[in-house]
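Please examine the model below alongside its sequence. The paragraphs that follow take up its backbone geometry, its ligand site, its nonpolar cores and its cysteines.

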Amino acid sequence: MFTKILIANRGEIACRIIETAHKMGVKCVAVYSEADRNARHVALADEAFLLGPAPSRDSYLRIDKIIEAAKISGAQAVHPGYGFLSENAEFAKALAENGLAFIGPPVGAIEAMGSKSAAKTIMENAGVPLVPGYHGDDQSRELIKAEAARCGYPVLLKAVAGGGGKGMRVVWQESEFDEAFDAAKREGESSFNNGDLLVEKYLTKPRHVELQVFCDRHGNGVYLGDRDCSVQRRHQKVIEEAPAPNISDEIRKAMGESAVQAAKAIDYVGAGTVEFLYDEDGSYYFMEMNTRLQVEHPVTELVTRQDLVEWQLRVAAGQPLPLAQSDISLHGHSLEVRVYAEDPDADFTPATGTLDYLRTPVESKYVRVDTGVIEGDTVSHYYDPMIAKLIVWDESRELALTRMQQALEDYRICGLKTNLGFLSKLAGSESFRRFDVDTGFIERHHDQLF
Ligand code: ADP
């Protein structure tokens, strides 16, 4: 095992990684920007290095500075967390060139999943189900339009380099195609420097179900259950849960096996997430693979009773996976909400300010709070405005949801605007309790939730 690692991130995920590393007797090096001098992740670490000014491109995205800090401190490995450099193949390469281990997948696996169309080709060849569509090299408008007609409207145009819901356009009928094609292409070019598009059948009531996978360097691969992340606002997840409700054991197992197949197709190592669109009739289709630890990994930890960061460290150090597939079982139900500094009265735009008063729900076997802030801290406009993740567990979904409602009521934040009220309405919604859920849930219940 490593004796010292560097965490190239900030906020709750940096704190969460430090906790596990310390539990394993591994020392932690934090990095920080000028805005984060007094941040919780810096206080928790054994040593810390200043990277530069507040903007991410001058600090948390500075590959050279991070490598320098790792070398000076004598860290043997770097954990990238999520966001920032976590899915940056150049970063993984640079670490290897400097003799540092990357606590993440091999460079080839990151690259293979970097393009939505290339990822689809690999998955198709590996026998993983795909949404009917076209993801080829011929980018002419005529051909893509003909392919759209072949899929049957509605279709979805996606920028192949897209992410975070950008560069996507739903096209309901052929007469709207040209305009949507131009818009998606423009967005791909401006946001990702790549105007290539793919087209796929647009499912009107799908769920977002994703599988947590893990592979080691010895050819072992397992799945640690699934998560439902269908409740989304503008393609951003709001509430996540494990296991995904109302899915038969048979389909759950088939999805898990497809996910491991997907990971093996790219010689994956470490923690990964395979996202599927799940249709009412039980069919599921590969959407993309995220080559990092996800924000929502705690719900999987609570139902599998495993520490996924510990798994990551073990695998990165060359150890075999701690468990075989037959040893992994799911217990009870877990839900997570993302508590954000955002203004519900201004269409949920990020809010900034000081956390003048902060009371988090009491943590127990049933309630977990992952956070990177304490009372008195400032939420700035430089980074993601997530204040905390609130995660609950209980024997059943019904009980877990009641725990969530209580924990949200107990949560008090003064000094800035948050989405706590919105989350309470969501957790208290009868349709959510019944799990009448698909990716259109928030839009459909707009009047009750806002
Ligand atoms: P991004 O990489 O930008 O996050 P994804 O391909 O992961 O884009 O899709 C984001 C979200 O868009 C999904 O979680 C799902 O809600 C919706 N979506 C994607 N593809 C389809 C589809 N073919 N039909 C219906 N909804 C889709």
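Pro 154 is found in the loop that joins α7 (141–151) to β7, and in this predicted model the peptide bond leading to Pro 154 from Tyr 153 is cis, with omega near 0°. A second cis bond runs from Ala 242 to Pro 243, with omega near -10°; Pro 243 is found in the loop between β12 and α9 (249–265). These bonds merit attention because most peptide bonds are trans.

Most residues other than glycine have a negative phi. Arg 305, by contrast, has a positive phi of about 60°, and its place is in the loop between α10 (297–304) and α11 (308–316). Phe 348 also has a positive phi, near 60°, and lies in the loop between β16 (342–343) and β17 (349–350). Arg 305 is exposed, with a relative accessible area of 54%, whereas Phe 348 is buried at 7% relative accessibility.

The ligand is surrounded by 21 residues, of which the closest are Lys 116, Lys 158, Gly 165, Glu 200 and Lys 201. A polar side-chain atom of Glu 200 lies 2.8 Å from a nitrogen atom of the ligand. Oxygen atoms of the ligand are approached by two further side chains: a polar atom of His 208 lies at 3.0 Å, and an N or O atom of Glu 288 at 2.9 Å. Of the 560 Å² of accessible area that the ligand has on its own, the protein covers 95%. Two or more residues of the surrounding shell come from each of β7 (155–159), β9 (197–201), β13 (270–278) and β14 (284–290).

The largest nonpolar core comprises 38 residues, and those touching the most other members are Val 231, Ile 387, Leu 390, Tyr 411 and Ile 413. Among the elements that each supply at least two residues to this core are β12 (236–242), β22 (386–394) and α12 (397–410). Leaving aside residues up to four places away in sequence, Ile 387 touches, among others, Val 339, Leu 355, Val 379, Ile 413 and Leu 416. Another core, of 33 residues, lies apart from the largest one and includes Phe 2, Ile 5, Tyr 82 and Val 269.

How many disulfides does the structure hold? It holds zero. Cys 28 is unpaired because its sulfur is 11 Å from the closest cysteine sulfur, in Cys 15, too far for a bond. For Cys 229 the closest cysteine sulfur, in Cys 215, is 19 Å away, again too far for a bond. Cys 28 is buried, with a relative accessible area of 1%, and Cys 229 is also buried, at 0%.

Methods
Residues numbered from 1 in each chain as written. Predicted model: local features only at pLDDT ≥ 70, side-chain atom pairs only at ≥ 80, totals over all residues. Heavy atoms only, no water. Disulfide = S-S within 2.5 Å. Buried < 20%, exposed > 50% of the residue type's maximum accessible area, 1.4 Å probe, protein only. Core = buried A, V, L, I, M, F, W, Y, C linked by side-chain atoms within 4.5 Å. Helix = DSSP H or I, 4+ residues; strand = E, 2+ residues; numbered from the N terminus. Contact = heavy atoms within 4.5 Å. Near = heavy atom within 4 Å. Polar contact = N/O pair within 3.5 Å; in protein donor to acceptor, adjacent residues only side chain to side chain. Areas by Shrake-Rupley, 256 points an atom, 1.4 Å probe, with all protein chains shown as cover.
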